[in-house]
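Colleague: I should like to learn how to read a model of this kind, feature by feature. May we begin with a single residue and then widen the view?

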Amino acid sequence: MSLRNERVRKELMREIAEILRKEVKDPRISGIVSITDIEVAHDNSFAKVFYSVFATNDEAKQKTVEAIEENVSRIRYEVGKRITLRHV
């Protein structure tokens, strides 16, 4: 992995974590959501985000996962506003 890809990966991790904490106002998100890793393509055109959810029970965890999946487009939009890349 090149140095540029590593910097993009770290910046994406930081921004997505902040977006989940501050921008996504979904009441179904409960517990702690942690961005564990991001795989970035060699040309930065694609990124796969891995996250973990720490919740009190399985039902709360499932609702949090559903809420995150439904807000993917909002998260992508916010990342695009914050990070200047050719493809978001």
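Colleague: Leaving aside its neighbours within four places in sequence, with which residues is lysine 48 in contact?

Modeller: Please keep in mind that this is a predicted model. Contact here means heavy atoms within 4.5 Å. By that criterion, and with neighbours within four places in sequence set aside, lysine 48 touches Asp37, Ile38 and Glu39. Lysine 48 itself belongs to strand 2, while strand 1 covers 32–40. For aspartate 37, which is 11 residues from lysine 48 along the chain, the C-alpha separation is 8.4 Å.

Colleague: Is lysine 48 buried, partly exposed or exposed?

Modeller: A residue is called buried under 20% relative accessible area and exposed over 50%. Lysine 48 has a value of 43%, so it is partly exposed.

Colleague: Which sign does phi have at asparagine 44?

Modeller: The general idea comes first: most residues other than glycine have a negative phi. Asparagine 44 has a positive phi of about 60°, although it is not a glycine. This residue sits in the loop between strand 1 and strand 2. With a relative accessible area of 12%, asparagine 44 is buried.

Colleague: How should one read a helix, taking helix 1 as the case, and what is its reach from first C-alpha to last?

Modeller: One compares its reach with the span expected at 1.5 Å a residue. Helix 1, residues 3–22, has 20 residues and reaches 29 Å, close to the expected 28 Å. Its buried residues include Val8, Leu12, Ile16 and Ile19, and also Asn5, Arg9 and Glu15.

Colleague: Against which elements do the buried residues of helix 1 pack?

Modeller: They pack against strand 1, strand 2, helix 2 (58–70) and helix 3 (72–82).

Colleague: In what order do the elements run from the N terminus?

Modeller: The order is α-β-β-α-α, that is, three helices and two strands. The radius of gyration is 13 Å, close to the 12 Å of the globule rule for 88 residues, so the chain is as compact as a globular protein of that length. Along the principal axes, the C-alpha trace spans about 40 × 25 × 15 Å.

Colleague: What share of the residues counts as buried, and what share of the contacts between residues at least 6 apart joins residues at least 24 apart?

Modeller: Of the 88 residues, 30% count as buried. Among those contacts, 51% join residues at least 24 apart in sequence.

Colleague: How far apart are the mean positions of the positive and negative charges?

Modeller: For the 17 positive and 15 negative charges, the mean positions are 5 Å apart.

Terms used: Residues numbered from 1 in each chain as written. Predicted model: local features only at pLDDT ≥ 70, side-chain atom pairs only at ≥ 80, totals over all residues. Heavy atoms only, no water. Helix = DSSP H or I, 4+ residues; strand = E, 2+ residues; numbered from the N terminus. Rg over C-alpha atoms; globule rule 2.2 N^0.38 Å. Buried < 20%, exposed > 50% of the residue type's maximum accessible area, 1.4 Å probe, protein only. Lys, Arg positive; Asp, Glu negative; His and termini not counted. Charge placed at Lys NZ, Arg CZ, Asp CG, Glu CD. Expected span 1.5 Å × (residues − 1).
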